[in-house]
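Please look through the sequence and the structure shown below. The report that follows takes up one topic at a time.

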Amino acid sequence: MLEIARIRENKEAIIELLKVRNFDGAPLIEKILKADENWRSSKTKLENVLAESNGIAKQIGQLFREGKQVEANEAKAKGAALKEEEKVLNDEVGGFAKELQELLFEVPNVPHPSVPQGNSDEENEVIDTPDTLPEKKDFWLPHWELAKKYDLIDFELGVKVTGAGFPFYKGKGARLQRALINFFLDEARDAGYQEIIPPFVVNENSGYGTGQLPDKEGQMYHDAKDDLYLIPTAEVPLTNMYRDVLLKEKDFPIKLTGYTPCFRREAGSYGSHVRGLNRLHQFDKVELVRIEHPNNSYAVLDEMTAYVQGLLKKLGLPYRTLRLCGGDLGFTSALTYDLEVYSVGQDKWLEVSSISNFETFQANRLKLRFKDEQNKKQLAHTLNGSALALPRILATLLENNQSEDGIEIPEVLVPYTGFDKI
RNA sequence: GGAGAAUUGGCAGAGUGGUCGAAUGCGGUAGUCUUGAAAACUAUUGUACCGCAAGGUACCGGGGGUUCGAAUCCCUCAUUCUCCGCCA
C-alpha cells in the first residue's frame with residue numbers, strides 16, 4: 001500500500017510510473033485524493049464538535065462539585081444535543097476512511113525506473129543467459145516420466161489420497177528433496193541468514209501485512225472455522241515477524257531464511273503448466289527475507305540475486321536471469337528478478353526463483369519502521385527471494401542430469417543425499 | 001474442552017464514573033557536582049492523526065454499548081496464568 005502522503009506529493013510521477021504496468025492510475029489517484037480531502041475535512045469538523053462536547057462535560061463536573069444543579073442540567077441538555085451531531089459526523093468520517101482505505105488497496109506498487117514497459121511475460125528483459133544450451137539427446141525424458149521410471153514421485157497416489165497437485169515423493173525422490181532443503185538452508189546460513197521455522201498457518205492480519213489480502217484472497221487455502229490461512233510462501237510469516245516493529249538503524253541488516261511447505265490453490269491453472277512438478281498445490285521452498293535501510297535495498301536486491309545464481313551454478317543447472325516487465329510485475333513489487341532454469345526434458349524455461357524489492361509497500365501496511373540518524377521514524381524496505389523453490393529444481397535436476405542408464409546427483413548434494421546416482 | 005484470575009506508558013505498579021494521558025519507582029535523555037567515572041541532586045521523558053500555527057482529537061488488550069462525561073460500569077472477542085479433562 002502506498003503512503004497517502006506520497007500520493008499527495010508525487011501524484012504526477014506516480015501516475016507516469018504506473019503506466020509501465022499498463023495501469024491507468026489517474027482516475028484512481030483522483031478518487032483517492034478526493035476521499036482523502038473529504039476525510040480530512042469531516043474529521044476536522046468532528047474534532048471540533050468533540051472538543052466542544054469535552055468542554056461541556058468538564059463544566060458539568062465542575063458545576064456538580066459546586067452544587068449548581070440547575071446549571072448542570074442545562075449543560076447536560078446541551079451536551080446531549082451535540083451527541084446527535086457527533087454521531088452523524090462520526091459515521092461520515094468512518095465512511096470516508098473506509099473508502100480511502102479500499103481505494104489505496106487497489107493501487108499497485110510504483111515500479112522502479114529500470115522496469116521495462118511490457119504487457120506480459122514475453123516482454124520480460126533477459127539480462128543474463130547461457131551462451132549455449134545442452135545439445136538435444138534422443139533418450140531425454142520429461143521429469144514425470146523419469147519419476148515413474150525410477151519410482152521417485154507418485155502423482156496418481158496424490159490424487160487418490162488428496163487431489164491433483166499433491167504428489168507423494170518416495171524413496172530416493174524423497175531423500176533428494178530433503179537433501180536439497182538441507183543444502184539450501186546450510187548455504188543460507190553460511191551467507192549470514194538466521195534460520196527460522198515459522199508457523200505454516202497465519203491469521204488475517206498477517207495476510208494483509210504482506211499483501212496477499214485482500215487482492216489474492218482466492219489463492220490461499222482458508223480455514224473458516226478458525227479464520228486462518230495456509231501460507232502460500234514463507235514470506236508471509238517471516239515478514240510478519242516484524243509487523244508493528246520499530247527498529248534501530250543498527251538492527252540492519254535483517255536476514256532471515258526459512259524452509260516451509262507452501263500451499264496455493266492455483267485456481268484457473270491448466271494444461272502443460274500444471275504437468276508433473278511444474279505447478280503444485282503444495283510444494284516446498286526455502287525463502288530469504290531481508291529488512292533493510294531504504295538507501296541500501298537495491299544493492300541488497302542485487303546481492304540476493306547473485307546469491308541465488310550462485311546456488312544454481314553449484315547445482316550445475318543452466319539458468320537465465322530476467323528483469324520483469326511492468327505487465328508481469330507482481331502487485332506489491334517495485335522490481336523483480338526472475339531466475340529460470342532450462343528444462344531439457346520439456347525444452348522450456350522454468351521459473352525457480354523470484355527476487356523482489358517491495359520498498360515501503362509492505363512496510364507501510366506492516367507498520368515496519370526504524371529510527372534514522374535524526375531520530376525520525378521511517379518505513380523500512382522489505383525484500384524477499386526464493387532460494388529456492390524445490391519442485392522445479394528437482395524436475396530440472398532429474399531431466400538435465402539424466403543419461404541412458406540413470407541420473408547423476410550433483411557433487412555438492414552427495415554429502416546430503418548419501419548416494420550419487422539414481 | 002470446562003472452571004477461576006488477570007491484561008494500565010520501555011519495565012514494575014497505583015488508580016473503580018468528572019480535578020486521569022494517567023500517581024509512584026526503575027529505566028532513558030539533558031544538566032549540576034567530579035581530573036574522569038560512579039553516587040547524589042535538578043529538570044525532562046508515550047504514540048498516532050488533523051492543523052501553516054495556536055491548538056485539537058484519539059489511544060489504559062481488541063471490538064461494541066451505557067452516560068453530558070468511562071482506565072473505572074455492561075456485552076463480546078483475544079491473550080496470559082492457575083486448576084481439571086484430553087493428548088504427540
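In this report Ala, Val, Leu, Ile, Met, Phe, Trp, Tyr, Cys and Pro count as nonpolar, Asp, Glu, Lys and Arg as charged, and the others, Gly among them, as polar. The model is predicted: local features need pLDDT of at least 70, side-chain atom pairs count only at pLDDT 80 or more, and totals for chains, interfaces and linings use all residues. Residues are numbered from 1 along each chain as its sequence is written, chains are lettered from A and ligands numbered from 1 in the order in which they are written, and side-chain values use heavy atoms, with hydrogens and water left out.

**The RNA strand**

A residue is near a strand if one of its heavy atoms lies within 4 Å of it. RNA strand B is surrounded by 19 residues, and the closest are Arg-40, Ala-57, Ile-60, Lys-76 and Lys-83. By class, this surface has 7 nonpolar, 3 polar and 9 charged residues. On the RNA side, 63% of the strand B atoms within 4 Å of the protein belong to sugar or phosphate, and the rest belong to bases.

The table gives three polar contacts (pairs of N or O atoms within 3.5 Å).

| Side chain | Partner in RNA strand B | Distance |
|---|---|---|
| Glu-47 | base nitrogen | 3.1 Å |
| Asn-54 | phosphate oxygen | 3.2 Å |
| Lys-83 | phosphate oxygen | 2.9 Å |

The elements that give two or more residues to the surface near RNA strand B are α3 (26-65) and α4 (69-105). Helices (H or I, at least four residues) and strands (E, at least two) are DSSP runs, numbered from the N terminus. The largest share of this surface, 13 residues, comes from α3.

**Two domains**

Chain A is divided into domain 1 (4-105) and domain 2 (121-417), with bounds from an automatic or database domain assignment. Their C-alpha centres lie 43 Å apart. The contact between them (heavy atoms within 4.5 Å) takes 5 residues from domain 1 and 11 residues from domain 2.

**The largest pocket**

On a 1 Å grid over the protein atoms alone, where a 1.4 Å probe is used, a pocket is an open set of points with protein on both sides within 12 Å along at least five of seven lines; lining residues have an atom within 4 Å of a point. Grid points are joined across faces, edges and corners, and a volume is the space filled by probe spheres set on the points. The largest pocket holds about 1600 Å³ of space. It is lined by 48 residues, and the closest to its centre are Arg-264, Arg-279, Asp-338, Glu-351 and Ser-354. Among the elements that give two or more residues to this lining are β10 (282-292), β12 (335-343) and α12 (390-400). β13 gives the most, with 9 residues. The lining divides into 15 nonpolar, 18 polar and 15 charged residues.

**Backbone details**

Most residues other than glycine have a negative phi, and most peptide bonds are trans. A cis peptide bond joins Leu-213 and Pro-214, with omega about 0 degrees; Pro-214 lies in the loop between α8 (204-210) and β6 (222-223). Another cis peptide bond, between Phe-252 and Pro-253, has an omega of about -5 degrees. Pro-253 is in the loop between β8 (246-248) and β9 (254-263). Asp-151, a residue other than glycine, has a positive phi near 55 degrees, and Asp-151 is found in the loop between α5 (143-149) and β2 (153-154).

Technical notes
A polar contact is a pair of N or O atoms within 3.5 Å; within protein, one must be able to donate a hydrogen and the other to accept it, and residues adjacent in sequence count only if both atoms are side-chain atoms.
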